[in-house]
Amino acid sequence: MLSGNIFGTSMKRPIYLALAITALFGFTNQQARLLTNDDARKVATAITRDVLKDYLTFIADDALQGRNPPSPGLDAAANFIAFNLKQWGAKPGGDSGTYFQNIRLEHTEFDKTQTRLTVGNQAFELDKDFLVFRGKEGKVSAPLLRVDKKRTNYGAKGKIVVLSWIPVFDDRISAFHQVIEEGAIAVISDSNLSGEAWTKFVASYQPRSDTFHLPISDSFGNPTSPISIAMTPERFKQFEAHVGMKATISISAKLQYTVVRNIIAIVPGNDLKLRNEYVAFGAHYDHIGMNSDLPGPDKIFNGADDDGSGTVALMNIAKAALSSQSRPKRSMLFVWHCGEEKGLWGSYYFNRNLTVPNGSMVAQLNLDMVGRSRKENDKDLANRLLSGENEVFVIGPTRTSRRLSQIVDRTNAQYLKLGYNKLYDALDDQSGFFFLSDQASYAKKGIPVCFWYGGDHPDYHQVSDEISKIDFAKIEKVARTVYMTGVAVANEPTRPPFIKRGKW
Amino acid sequence: MKRPIYLALATTALFGFTNQQTRLLTNDDARNAASVITSDTLKDYLTFIADDALQGRDTPSAGLDAAANFIAYNLKTWGAKPGGDNGTYFQNIRLERATYDKASTQIVSGDTTLTLENDFLVFGGSGGKVSGQIVSITNKLPQYNVRGKIVVVGENLRSEYDALMKSGALAIIGGSNYSGDSWKSFVSGVRQYAGGFRMPSDASPTGGPMVPPTISMSAEGYKKLAGLADSKAQVTIVASKDYAMTRNVVAIVPGADPKLKEEYVAFGCHYDHVGMNPNLPGPDKIYNGADDDGSGTVAVLNIAKAFATSAAKPKRSLLFVWHCGEEKGLWGSDYYNKHLTVPKGSIVSQLNIDMIGRSRKAGDTDPRNKSLTGPNSIYVIGTTMMSTRLGEIVHGVNSKYLGLDYNKLYDDPKDPNQFFYRSDHYNYAKNGIPICFWFDGEHEDYHQLGDEVSKIDFTKMEKIARTVFLTGVTVANEAVRPAVDKPLNR
């Protein structure tokens with residue numbers, strides 16, 4: 001699950017080339033037998049806690065070094081998932097007949113002395129006063145425009161936007177996206193971080209050769225790649241005072257590239273017509289890497305729950321679906337996203353570079369953190385937000401599709417009867433969880449979504465998010481239920497209509 | 001009331017036969033079972049093992065651990081029995097790294113002070129301070145009377161180190177040919193080798209006995225020290241240690257014969273390679289080791305799959321060991337043979353696969369490929385040594401099966417290339433276990449960046465892996481284990 005600032009983050013050094021596996025097996029057009037919703041109960045028993053544990057033992061081991069995007073450990077995880085998909089006979093759903101959708105990341109190495117920001121008679125210094133997240137070689141001068149609340153139109157084209165700290169996360173993000181889509185030349189944001197917090201923030205971007213990110217043109221369809229800069233609140237105030245004047249940004253930088261991958265597989269449906277539509281299952285297989293500066297012996301964030309749990313649940317759902325000769329009517333699409341922790345990169349990219357026809361996804365079922373549970377006698381306040389052994393949060397259907405909501409609830413009521421906690425599904429929910437995992441990228445494309453989430457806990461984004469703490473029986477229950485839900489959606493005569501509710 | 005006897009018998013019949021005899025896999029049946037070994041499967045495995053993601057599988061490294069986890073994951077999927085420590089597939093080997101204190105580690109004699117890295121490097125042994133007379137040894141002797149002395153030996157006497165270690169010397173100091181810049185690059189190379197980690201001299205996880213330190217001098221330092229012969233010197237070594245774990249991967253498929261299943265036919269290879277070098281000038285920094293020994297790694301994996309997924313088994317049990325640290329000096333097989341996970345004496349043969357994935361194409365005139373075998377050919381090494389019977393089996397199986405061209409050029413301990421001593425089978429041979437080693441020959445990409453999956457001849461690998469599988473079945477089904485009738489001497 002995503003946290004913190006979406007504008008960028010630190011990464012490990014990647015040295016690798018894109019891998020291309022040529023699928024060796026062909027695909028017959030032969031029609032499989034229909035898998036009814038009732039038949040699916042038997043198939044679901046192929047999802048077991050033992051199998052889930054075998055997968056997670058690989059995925060959350062120290063050997064993968066916390067699966068930071070990009071990193072060799074993340075690539076090893078991708079190769080492991082692809083290896084298994086091939087063994088089970090899944091159809092590749094990525095680029096050129098492979099299981100991989102390649103995403104090119106770029107990294108800009110800034111020259112500290114040549115990268116400057118000036119307005120009026122004031123000069124600002126890289127690292128001390130500001131940090132460049134995105135920008136390329138060159139010099140731009142443009143008038144400043146203040147943005148301090150959410151609006152539908154700012155008139156940001158050709159401007160350098162001065163973006164105040166808007167406290168509501170989603171408003172802040174949508175203002176950021178909006179001005180970029182309007183064609184702002186640059187966005188200079190108040191980081192809300194000063195003193196030691198700022199120093200730490202800057203340090204997390206060092207060394208600069210490790211800061212690869214998704215090119216902004218891929219995210220927003222804007223070929224001009226606007227500049228994104230963060231500032232200390234103190235300097236931001238001084239900068240902001242010049243609104244109306246022209247500012248100049250000089251950047252001296254070198255661009256480098258690397259590749260990360262979404263993993264995509266398809267299980268074709270049985271109905272000759274409806275199989276051109278897809279029920280999408282998603283999880284993210286990346287985590288937040290490692291930190292060699294940590295004081296203790298453990299330096300690796302294993303991400304067993306976040307989102308090792310969703311990663312292996314998805315694998316086992318795919319395996320179960322492929323173990324049966326029968327298939328539901330619609331096809332199933334499995335996407336393991338990368339870079340979720342950096343700002344939903346993988347799902348963002350996938351929804352802008354679809355490997356299935358536009359409009360063919362009828363729902364997206366997302367799993368992120370479904371491996372932890374609060375025991376009944378646990379009185380620890382720190383675990384108060386964690387769901388119980390037979391409970392899980394479901395988020396999204398209320399805001400995206402009444403029909404999906406009904407299917408989700410009905411399937412559960414007729415099956416394992418888990419406690420579905422709807423706290424964060426409410427239209428007035430302030431937690432923002434609806435936006436904090438990959439389902440948000442699908443919902444924004446008008447696809448009904450449902451997000452299964454175990455809840456927050458003290459090991460979230462800590463080195464202690466380890467396999468020893470995982471409740472595999474719970475993952476088994478949730479994964480079986482998600483599979484059953486997917487089959488039910490796939491067998492619906494008509495796709496669940498997308499109806500946007502609430503403000504988002 | 002007493003339980004009726006027939007009920008007891010019935011219960012036994014239903015539940016009591018956990019020791020029930022498995023169906024026998026005959027040598028003829030094995031031809032069918034060998035079809036599980038395919039070029040496609042081998043490619044699937046190697047695509048994982050030799051990918052850049054594993055960063056060249058250096059020992060020790062995260063990439064190597066990911067490879068080990070991948071092998072273990074597959075073994076578990078097939079139901080192979082764990083053969084390592086505590087019911088796992090892993091035999092843990094603790095490597096140690098000594099970091100010597102530069103300020104206090106020195107050799108002092110009179111006014112002369114020699115210092116770490118400037119003049120010498122320490123290669124092992126105990127720390128602390130020792131004082132004694134410097135003795136210079138320039139000739140090979142049947143016995144060395146050097147108890148309590150600091151021994152300085154010439155570069156030409158490296159072979160005498162073992163004898164000197166046991167002679168009661170306080171320290172053993174050797175010369176080198178490195179001076180000036182070549183010494184500096186030697187020092188930095190040693191520091192980077194395996195990240196500075198080494199197998200402990202007596203590779204016990206609990207540490208070793210007291211041993212004299214071994215020291216290597218620069219040419220200049222050696223000259224200074226040799227001039228001080230017969231004077232007293234003090235050697236001070238101050239070091240801190242840290243540790244890293246690396247692993248052999250070990251699995252067993254039990255045999256069908258109630259008695260002979262206590263014996264094992266061992267299959268081996270090494271799953272490590274030589275890592276990466278971030279300082280290389282081009283974009284490729286990673287030694288993928290697709291042939292060396294990715295090919296053996298995935299061949300043994302597919303052989304294990306063929307055995308584990310077959311309902312019928314040969315008489316003897318099968319032991320599979322994927323060794324680590326082969327490239328560092330046969331670490332994994334050295335450790336394994338000193339810390340067997342099966343009873344001593346129970347391994348009847350070891351079949352080693354190291355580089356079987358490359359073949360010389362017709363018309364290839366590159367001199368670097370002149371000793372590379374062709375698509376239907378492979379070097380076999382060891383069949384004329386140790387065990388006449390094993391040699392007969394190896395050649396007999398091949399001639400009745402795929403009829404590969406078995407090249408025996410290197411099948412001789414006196415072979416000037418010394419291939420017999422250069423892979424893991426050697427540590428089994430030293431332990432009195434007859435071996436056979438399959439090897440494709442040196443080629444242009446040996447220990448180069450170009451040792452990649454795209455250059456692998458998977459058809460050749462399939463043929464060799466199937467043949468090794470059948471050879472193993474035949475040895476496992478032999479009435480009597482292959483006798484060692486020829487002594488191994490170098």
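**Exercise 1.** What pLDDT does chain A average, and what percentage of the residues score at least 70?

*Solution.* The model is predicted. Chain A averages a pLDDT of 90, and 91% of the residues score at least 70. Next, look at where the score drops. Over residues 4-28 of chain A, pLDDT stays under 50; the model has 52 contacts beyond four places in sequence for this stretch. Residues 218-223 of chain A also stay under 50, with 13 such contacts in the model.

**Exercise 2.** Determine how α3(B) and α8(B) are oriented to each other, and list the residues that meet.

*Solution.* Begin with the axes. Helix α3 (residues 39-49) of chain B and helix α8 (residues 290-309) of chain B have axes that come within 9 Å and cross at roughly 130°. Angles from 115 to 145 degrees count as oblique, and α3(B) and α8(B) are therefore oblique to each other. Their crossing is right-handed.

Then take the contact. From α3(B) come Thr41(B), Leu42(B), Tyr45(B), Leu46(B) and Ile49(B). They meet Ala290(B), Gly294(B), Thr297(B), Val298(B), Ala299(B), Leu301(B) and Asn302(B) in α8(B). By class, this contact has 8 nonpolar, 4 polar and no charged residues.

**Exercise 3.** Explain why α10(B) is described as largely enclosed by the rest of the structure, and name the elements its buried residues pack against.

*Solution.* Count first: 7 of the 8 residues of helix α10 (residues 331-338) of chain B are buried, so the helix is largely enclosed by the rest of the structure. The buried residues are Trp331(B), Gly332(B), Ser333(B), Asp334(B), Tyr335(B), Tyr336(B) and Asn337(B). In chain B, they pack against the strands β2 (90-100), β11 (239-253), β12 (264-270) and β13 (317-323), and against the helices α9 (326-329) and α12 (425-430).

Key. Residues are numbered from 1 along each chain as its sequence is written. Chains are lettered from A and ligands numbered from 1 in the order in which they are written. This is a predicted model: local features need pLDDT of at least 70, side-chain atom pairs count only at pLDDT 80 or more; totals for chains, interfaces and linings use all residues. Axes are lines fitted to C-alpha atoms, for helices over the stretch in contact, and angles run from 0 to 180 degrees between N-to-C directions. Helices (H or I, at least four residues) and strands (E, at least two) are DSSP runs, numbered from the N terminus. Angles under 35 degrees count as roughly parallel, over 145 as roughly antiparallel, 65 to 115 as roughly perpendicular and the rest as oblique. A crossing is left-handed if the near helix is turned anticlockwise from the far one by less than a right angle, and right-handed if clockwise. Two residues are in contact if their C-beta atoms, placed from the backbone, lie within 7 Å. Ala, Val, Leu, Ile, Met, Phe, Trp, Tyr, Cys and Pro count as nonpolar, Asp, Glu, Lys and Arg as charged, and the others, Gly among them, as polar. A residue is buried if 20 or more other C-beta atoms lie within 10 Å of its own, exposed if 12 or fewer, and partly exposed in between; C-beta atoms are placed from the backbone. pLDDT is the predictor's confidence in each residue, from 0 to 100.
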